[in-house]
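Reader: Could you take me through one part of this model at close range? I'd like a proper walk-through rather than a list, and please keep it informal.

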Amino acid sequence: MGLTGEGLTGHGLAVEGLTIELGGAPIVQGVSVSLPRGSVTGVIGPNGAGKSTFLRALAGVVPAASGTVRWGGHDLLRLSARRRARLLALVEQNAHTAEPLTVRDVVELGRVPHQPTFRFGGPTPDDAARVEYAMEVADCARFADRTYTTLSGGQRQRVGLARALAQEPELLLLDEPTNHLDPHAQLSILHLLRALADEGITIVTALHDLSHAGSVCDEVVVLRDGALHATGHPGSVLVPDTIREVYGVDAEILRHPRTLDPVFALSLPEDEPDGSLRQESRSPGRTLVPNASTHARWSSPT
Amino acid sequence: MTATRPPRLRPAVTVRGAGDLPPAGGSLRPIAIGVLLVVALALSIGVAVTMGPADLTVGDVVASVLSRWGGADPGLTPIEEGIIWSLRLPRVLAAAAVGAGLALCGAVMQATTRNPLADPYLLGLSSGASVGAVVALLIGTQALLPAAAFIGAMAALLATLGLAHLAGGLTPARTILAGVAVSSLGGALTSLLIFWHAQGDSYRDILSWLMGSLSGVQWNQTALAAAALVVVGVPIAASARLLDAFAFGDAAAAALGVRVTAVRWLMLSGTAVLTGVLVSMSGAIGFIGLVIPHAARLLVGPGYRTLLPVSALTGAVLLIWADTAARTAFDPRELPVGIVTAVIGAPVFALLLARRKGGS
């Protein structure tokens, strides 16, 4: 937990006891994490673990039942929507519109929180320049004039990212940005996220692929049934015991021969050929202290 | 590793040479279309006033208008002056204001409900406004006519959205169905009220409230409609970016810093005010609010900064000509203008429905 103290001093993202209820049912319960500035954090967990809801609550899109989210000196949950949208941006999955917007139109939406509410006329030169730059960074300037609805999933993901960057966020939240993308598109999005973090943007992204989480993230937050299951450096959290508890699969952690990144070879447990999770592994609220020997299995060479 | 990096206050993407890049392309086209539409509107007003019995030319109209502001005497007879000033000019300008206002309301409703079929007529606001106006007329409080029409429009809006919500959410189809129900009820109430108090020929009255008519419009009504258009339309047009932000849905708009519920209700209340004032003068005119924004999208694209003014101008021009056709086509008998707009609008509505077949 050495890294996590920094958030409490006001320099990073500090989530305290965040609970979110939708329709009376708790979706996220009492999650507390602290993430340093300029880091990439992967939020992982099975389907329905509350990853998307967690991110949406951080972005203020769904209301939190209780808890606080601090970013620097700001209480994000009490900030006005407009001021919050200048600090953080959210890239959701499957963003859909019926309007025949061009890619540039969509990216320009990212300037809305910076534009006065009442104003006539088109984008200012400053807006236009930031939009062009965001499209260049996210590599979608090539198809800036195409209609959004005609784009492939990977292209839409890039446009969503460019729109978020046009907001000039300090904190960037992404919901499974590699979903439905081909391998090259997945890796290039992750590479871009890493580069943005190195620029100083703090990134929190829901991820499904453990190998992605292991190779890109500085921190991982493991959610299960809406509760925090584990958090910390991926080397100490993404260990076979945790993976089995959370996903109900056996994991063998290998190393990529060239990049030395961890590669997770997953299999259904041999004693459960149908893959159904054992009852005790679904008990909510269990937290895990990773044991040192499994940690050492793949983190020791570094 | 990352923990040791010094925190930066503004670590966002830095822009190289901000201001060097040209503004986004294609910005000349909307301006050109806007200028064309302004010219078309001015021409339409001038020509429409000459249409009908009495041998007037556009030159006569212009000279007559100029003479009011210190120009030379146009040399028209008092009857010709009267036709221009008391009959046709207020009516043509009223048609322009109503057309612009309804088109604007349609565009705003389509954006805030994310429903391409939304407009004041289909969602029942117009018929609700008619009920309010007729009630005010029957009670004999002519001065409260626009306010009563606004209350009627607002009640109809709440009824439509409430009904759609009860039926399981504001999907386009449910909202339209709820609007049809509210609209029918409003039409029936209007008819019943007029019929009950009938003195002689009530059918003309009923028709003009249900299908719209601009006959007998006075200058003070025209002025009120124009004032409502400016007071409601200008702030909405100035905050068009908020409407753009609804393109990806409520959650995305909220993530862009838009106070979704407040903005939606402010915008929809604004359309109810405008619809109320316009309908209290013209009755319920259909299809302008539905069709014009879609035509404007084809012209200038989906951005509301340009879409709202272009919709308003197009709506003004279209309703001027629809009303001119309504009063001259079967001269000396007048058609309700709603018949003309329906003849134009219904096929377009059918086309929109057909295009949505795959989508929803």
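Author: Of the 360 residues in chain B, 51% count as buried. Keep in mind that this is a predicted model, so treat what follows as a reading of a prediction. Chain B has 14 helices and zero strands, and from the N terminus on its elements read α-α-α-α-α-α-α-α-α-α-α-α-α-α. The radius of gyration is 23 Å for chain B, close to the 21 Å that the globule rule gives for 360 residues, so the chain is as compact as a globular protein of that length. Along the principal axes, its C-alpha trace spans about 90 × 55 × 40 Å. As for contacts in chain B between residues at least 6 apart in sequence, 74% of them join residues at least 24 apart.

Let's zoom in on one residue there. B:Val343 sits in helix H14 of chain B, which covers residues 337–356. Is B:Val343 buried or exposed? Neither label quite fits: it counts as partly exposed, because it has 13 C-beta neighbours inside 10 Å, and a residue needs 20 or more to be buried while 12 or fewer would make it exposed. B:Val343 also shows how the chain folds back on itself in sequence terms: B:Phe287 is 56 residues away along the chain, yet the two C-alpha atoms are 9.3 Å apart.

Now over to chain A, for a sheet. Four strands form an open sheet there in the order E2-E1-E4-E5, with antiparallel pairing. Its edge strands are E2 (25–35) and E5 (74–75) of chain A, each of which pairs on one side only. Strands of a sheet pair through backbone hydrogen bonds, either parallel or antiparallel. In chain A, strand E1 (residues 13–22) and E2(A) make an antiparallel pair over seven bridges. If you want a spot to check the register, A:Ala14 stands opposite A:Ser34 in E2(A).

What lies across these strands? Helix H2(A) lies across E1, E2 and strand E4 (66–71) of chain A, and runs at about 65 degrees to E2(A). This helix, residues 51–58 of chain A, is mostly covered, with seven of its eight residues buried. The buried ones are A:Lys51, A:Thr53, A:Phe54, A:Leu55, A:Arg56, A:Ala57 and A:Leu58. After H2(A) comes A:Gly60, which has a positive phi, near 80 degrees.

Key:
Residues numbered from 1 in each chain as written. Chains lettered and ligands numbered in written order. Predicted model: local features only at pLDDT ≥ 70, side-chain atom pairs only at ≥ 80, totals over all residues. Helix = DSSP H or I, 4+ residues; strand = E, 2+ residues; numbered from the N terminus. Rg over C-alpha atoms; globule rule 2.2 N^0.38 Å. Contact = placed C-beta atoms within 7 Å. Pairing = 2+ DSSP bridges. Axes fitted to C-alpha atoms, helices over the stretch in contact; angles between N-to-C directions.
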